[in-house]
Amino acid sequence: MSVDQGQRGGRSARRTWIVLLLALACAAVLLIALPEDREGGDACEARTVSSWAADDKVTGAFARYGDDTTRADDWTGGDGTHSVRLPDGRLLWLFSDTFLGQVHAPPNPAGQPHTWRDATAPMVRNSAVVMSRSGTLQRTLPAPLFPDPAPQQWRWPVAAKVEPRSPGSSDDVVRVLLWTRATGTGPWIYGVPTATEVATLSLPDLRVEGIVKVSDQTAVPEPDKRVLYGTTTVDDGDWTYVFGGNDGKAAARPASHAYVARVPKGRLAEPGAWRYWNGDDWTESGKPRHVLGDGERKGVGSAFTVVRVKGTYVLFTMAAGTEGLTNVTSYWACAPTGPWHGPAKGFSTPLPKDGSAEQDMAAYNPQAHPALSGNGRLLLSYDVNWLDAAPQSAQANVSRNVSLYRPRFVSLRLATSP
């Protein structure tokens, strides 16, 4: 073979390698750029709310149950609304701060046409209400369901799941994620975040069997940097993704950042099985990295919800700024770690009729209820409270009209967007 032939052959080989390398590089770019296919082969697509309507059926069920003047020790109002379908078809509803006791028929002492409760009505830090398979609220479990962990501390239940008692077991239990808070002052009048726990409830009797701590935040010196997990969970493949947030500064809405952890399915009650996203990888310990939030126009409220619609994760939270007093907005992503796109145009939550100015009330804590969703419809709840810097004044207002401190529900339809 001549020198020219050898050079031509070498140049040809180099060109072949360059073409192959370019092809591999292009393929890698495509793999990175294309939306990730999720379980079942569904491609990720941008999704936003296309329509919504008030759901009077579920809202009315809680109104009828809470307004029953014959009950003396049941739920009459609460917030922090979460739900989980039980294996026998019943639905377990979980609430944070809850009013118990008897309510009275209208008119109230001020002569207003509202069902009301008196100032001696007890309030507990958490409760649970059982709904029948047919959608009738049946009973309130002895409250509080989850005892205080220590003096001046309490537990708020958040997301819940039915899991095997242990991997591979045929015996199911309910796992309930709990936020532990401690009495605070100043900006922490609603409590200083301290830890995330997981409670185990037996089935079918819903008895608390035990509570384990999975994330202790007391060593984090600044309370607004502490992260509590469990505002919502999403199953995808072999993992349960557990979303959480920090309590951001009260001056901005939303002020909080969203975080995510993951746990092998069926192992929520094992602290050693939890892994936390640090921006690059899932780690057992170390500083977590938020997946959403810039402290200004993008972020979440202290409680938000995430659902997976085919290949797309969709997050619902209250909007930024003063709109966040009534408006729900959404974000979407192809993976729980993001990037999250949005916020999208949201919708305004209907508030109860009270004869007062609308600015005296606020909506918060949007939560999805997959067990009551289907056929392209997503049921979302939100809580309502009275805006007042003085807790005693706020409590007086939600007692003179008991409908002011109860969950309300809307039915959403999502559509793909450009």
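Biologist: Where in the chain is the place of Thr305?

Modeller: Thr305 sits in strand S18. Keep in mind that this is a predicted model.

Biologist: Is Thr305 buried or exposed?

Modeller: Buried means under 20% relative accessible area. Thr305 comes out at 1%, so it counts as buried.

Biologist: And what is Thr305 in contact with, leaving aside its neighbours within four places in sequence?

Modeller: Its partners are Thr232, Val314, Leu315, Phe316, Pro366, Gln367, Ala368 and Leu380. With Ala368 you can go down to atoms: a polar atom of the Thr305 side chain lies 3.2 Å from the backbone nitrogen of Ala368. Also look at Gly230, which is 75 residues away from Thr305 along the chain, while their C-alpha atoms are 9.6 Å apart.

Biologist: Let's zoom out. How many helices and strands does the protein chain have?

Modeller: There are three helices and 24 strands. The chain has 418 residues, and 49% of them count as buried. Take contacts between residues at least 6 apart in sequence: 58% of these join residues at least 24 apart.

Biologist: How should I read a nonpolar core?

Modeller: The general idea is that in soluble globular proteins, nonpolar side chains tend to be buried together. Here, the largest nonpolar core has 22 residues, and Phe316, Phe347, Leu380 and Leu412 have the most contacts inside it. Strands S19, S22, S23 and S24 each supply at least two residues of this core. S23 gives the most, with five residues.

Biologist: Is there another core apart from that one? I mean, how many residues does it have?

Modeller: Yes, a separate core has 20 residues, including Leu177, Val214, Val242 and Tyr276.

Biologist: Back to Phe347. What does Phe347 touch, not counting residues up to four places away in sequence?

Modeller: Phe347 touches Val49, Trp52, Thr326, Asn327, Val328, Leu380, Val410 and Leu412.

Biologist: Which residues does Ser215 touch, on that kind of count?

Modeller: Beyond four places in sequence, Ser215 touches Thr194, Ala195, Thr196, Val227 and Tyr276. Ser215 belongs to strand S12, and with a relative accessible area of 8% it is buried. The side chains of Ser215 and Gln217 are joined by a polar contact of 3.2 Å.

Biologist: Now pockets. How do people find empty space in a model?

Modeller: Rolling a probe the size of a water molecule over the atoms shows where empty space is left. In this case, the second largest pocket has a volume of about 710 Å³. It is lined by 30 residues, and the closest to its centre are Thr233, Val306, Val307, His369 and Pro370. Among the elements that give two or more residues to the lining are S3, S9, S13 and S18.

Biologist: How many nonpolar, polar and charged residues are in that lining?

Modeller: You'd find 14 nonpolar, ten polar and six charged residues there.

Biologist: What about helices? Which residues of helix H3 are buried?

Modeller: They are Ala394, Asn397, Val398, Ser399 and Arg400. Strands S5 and S23 are included in what covers them.

Biologist: Can a loop residue be worth a look too? Where is the place of Asn108?

Modeller: Asn108 is in the loop between S5 and S6. Its relative accessible area is 4%, so Asn108 is buried. A polar atom of the Asn108 side chain lies 2.8 Å from the backbone nitrogen of Gln112. Leaving aside neighbours within four places, Asn108 is in contact with His114, Trp116 and Arg400.

Biologist: Last topic: backbone angles. What's the general idea?

Modeller: Most residues other than glycine have a negative phi, and most peptide bonds are trans. Two peptide bonds to look up here are cis: Ala143 to Pro144, with omega near 0°, and Gly338 to Pro339, with omega about 5°. Pro144 is in the loop between S8 and S9, and Pro339 is in the loop between S20 and S21.

Biologist: And which phi does Gln152 have?

Modeller: Gln152 has a positive phi of about 65°, although it is not a glycine. Gln152 lies in the loop between S8 and S9 and counts as exposed at 57% relative accessibility. Asn375 has a positive phi too, of about 55°. Asn375 is in the loop between S22 and S23, and at 77% relative accessibility it counts as exposed.

Conventions: Residues are numbered from 1 along each chain as its sequence is written. This is a predicted model: local features need pLDDT of at least 70, side-chain atom pairs count only at pLDDT 80 or more; totals for chains, interfaces and linings use all residues. Side-chain values use heavy atoms; hydrogens and water are left out. On a 1 Å grid over the protein atoms alone, a cavity is a set of points where a 1.4 Å probe fits but cannot get out, and a pocket is an open set with protein on both sides within 12 Å along at least five of seven lines; lining residues have an atom within 4 Å of a point. Grid points are joined across faces, edges and corners, and a volume is the space filled by probe spheres set on the points. Helices (H or I, at least four residues) and strands (E, at least two) are DSSP runs, numbered from the N terminus. Ala, Val, Leu, Ile, Met, Phe, Trp, Tyr, Cys and Pro count as nonpolar, Asp, Glu, Lys and Arg as charged, and the others, Gly among them, as polar. Buried means under 20% relative accessible area, exposed over 50%, partly exposed in between (1.4 Å probe, protein chains only). A polar contact is a pair of N or O atoms within 3.5 Å; within protein, one must be able to donate a hydrogen and the other to accept it, and residues adjacent in sequence count only if both atoms are side-chain atoms. Contact means heavy atoms within 4.5 Å. A nonpolar core is a set of buried Ala, Val, Leu, Ile, Met, Phe, Trp, Tyr and Cys residues joined through side-chain atoms within 4.5 Å.
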